[in-house]
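Open the structure in your viewer and set it to a cartoon view. Keep the selection tool at hand.

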Amino acid sequence: MNKSLLFAAATAAALLGSASASAQFVEHGAVKCAPVPKEEMRPQMELQRKLTGEGWKVRQIKNFNGCYEVYGFDEKGQRAEAFFDPKTFEKVGQVKQPS
């Protein structure tokens with residue numbers, strides 16, 4: 001592999017790594033999900049069942065900037081405020097809780 005191709009691959013890997021690391025914790029007001037037609041949004045109860053099955057204790061789910069905002073405790077028992085895509089249930093971010 002030539003040096004420029006190797007450098008490009010290393011740069012891409014570094015960028016992807018930093019993007020995924022920074023996507024974990026977000027500022028509350030900065031979270032925004034892509035618009036999803038209402039008929040394509042999955043029910044909040046379905047997300048609650050999914051998270052409960054993963055060990056979460058869900059206290060509340062509401063809509064925020066096109067996302068489902070979940071309050072509760074994650075699978076580690078840590079207090080959590082997390083945001084999920086309403087169509088895919090992909091986690092798009094989480095607010096860092098005070099220690």
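This tour goes from the overall layout to single residues, one selection at a time.

**Stop 1: the whole chain**

Remember first that this is a predicted model. Show the whole protein as a cartoon. Two helices and four strands should appear. Trace the protein from the N terminus and the order of elements reads α-α-β-β-β-β.

Now switch on the surface. The protein exposes about 6,800 Å², and carbon and sulfur atoms supply 58% of that area. How much of the protein is buried? Buried residues make up 26% of its 99 residues. The contacts have a pattern too. Among those with a separation of 6 or more, 42% are between residues 24 or more positions apart.

**Stop 2: the first hairpin**

Select residues 57–64, which are strand 1. Add residues 67–73, which are strand 2. The two strands run antiparallel, and seven bridges join them. Pick out Gln-60 and look across to strand 2. Which residue is the bridge partner of Gln-60? The partner is Tyr-71.

Next, go to the turn. Strand 1 and strand 2 form a hairpin with two residues between them. Click on Asn-65 in this turn: its phi is positive, at about 50°.

**Stop 3: the second hairpin**

Keep strand 2 on screen and add strand 3, residues 79–84. Strand 2 and strand 3 also pair in the antiparallel sense, here over six bridges. Find Tyr-71 again. In strand 3, its bridge partner is Glu-81. So Tyr-71 has a bridge partner on each side of the tour so far: Gln-60 and Glu-81.

The turn here has five residues between the strands. Select Gly-77 in it and read a positive phi of about 85°. Before moving on, colour strand 2 by accessibility. Strand 2 is mostly covered, with five of its seven residues buried.

**Stop 4: the nonpolar cores**

Show side chains for Leu-47, Leu-51, Trp-56, Val-58, Ile-61, Tyr-68, Val-70, Ala-80, Ala-82, Phe-84 and Phe-89. These 11 residues make up the largest nonpolar core. Colour them by element of origin. Helix 2, strand 1, strand 2 and strand 3 each supply at least two of the residues. Which strand gives the most to this core? Strand 3 does, with three residues.

Now change the selection. A second, separate core has six residues, including Cys-33, Phe-64, Cys-67 and Phe-83. Leave the two cysteines on screen for the next stop.

**Stop 5: the disulfide**

A disulfide is a covalent bond between the sulfur atoms of two cysteines. The structure holds one. Zoom in on Cys-33 and Cys-67, whose sulfur atoms are 2.0 Å apart. The link is right-handed, with 105° about the S-S bond.

Where do the two ends sit? Cys-33 lies in the loop between helix 1 (3–24) and helix 2 (44–53), and Cys-67 lies in strand 2, so the disulfide ties together parts that are 34 residues apart in sequence. Are these cysteines buried or exposed? Cys-33 has a relative accessible area of 6%, so it falls under the 20% cut-off and is buried. Cys-67 is buried too, at 1%.

**Stop 6: the salt bridges**

Side chains of opposite charge can pair when their charged atoms come close. How many salt bridges does the structure hold? There are three.

Start with Glu-40 and Lys-87. Their side chains meet in a salt bridge of 2.8 Å, N to O. Glu-40 lies in the loop between helix 1 and helix 2, while Lys-87 lies in the loop between strand 3 and strand 4 (91–94), so this pair ties together parts that are 47 residues apart in sequence. Glu-40 is partly exposed at 33% relative accessible area, and Lys-87 is partly exposed at 40%.

Move to Arg-42 and Glu-46. Their closest N and O atoms are 2.7 Å apart. Arg-42 is partly exposed, at 30%. Glu-46 is partly exposed, at 28%.

Finish with Glu-54 and Lys-50. Their salt bridge is 2.7 Å, N to O. Glu-54 counts as partly exposed at 42%, and Lys-50 is partly exposed at 33%.

Key
Residues are numbered from 1 along each chain as its sequence is written. This is a predicted model: local features need pLDDT of at least 70, side-chain atom pairs count only at pLDDT 80 or more; totals for chains, interfaces and linings use all residues. Side-chain values use heavy atoms; hydrogens and water are left out. A disulfide is a pair of cysteine sulfur atoms within 2.5 Å. Buried means under 20% relative accessible area, exposed over 50%, partly exposed in between (1.4 Å probe, protein chains only). A salt bridge is a side-chain nitrogen of Lys or Arg within 4 Å of a carboxyl oxygen of Asp or Glu. A nonpolar core is a set of buried Ala, Val, Leu, Ile, Met, Phe, Trp, Tyr and Cys residues joined through side-chain atoms within 4.5 Å. Two strands pair if DSSP finds at least two bridges between them. Contact means heavy atoms within 4.5 Å. Accessible areas come from the Shrake-Rupley method with a 1.4 Å probe; for residues, only the protein chains shown count as cover.
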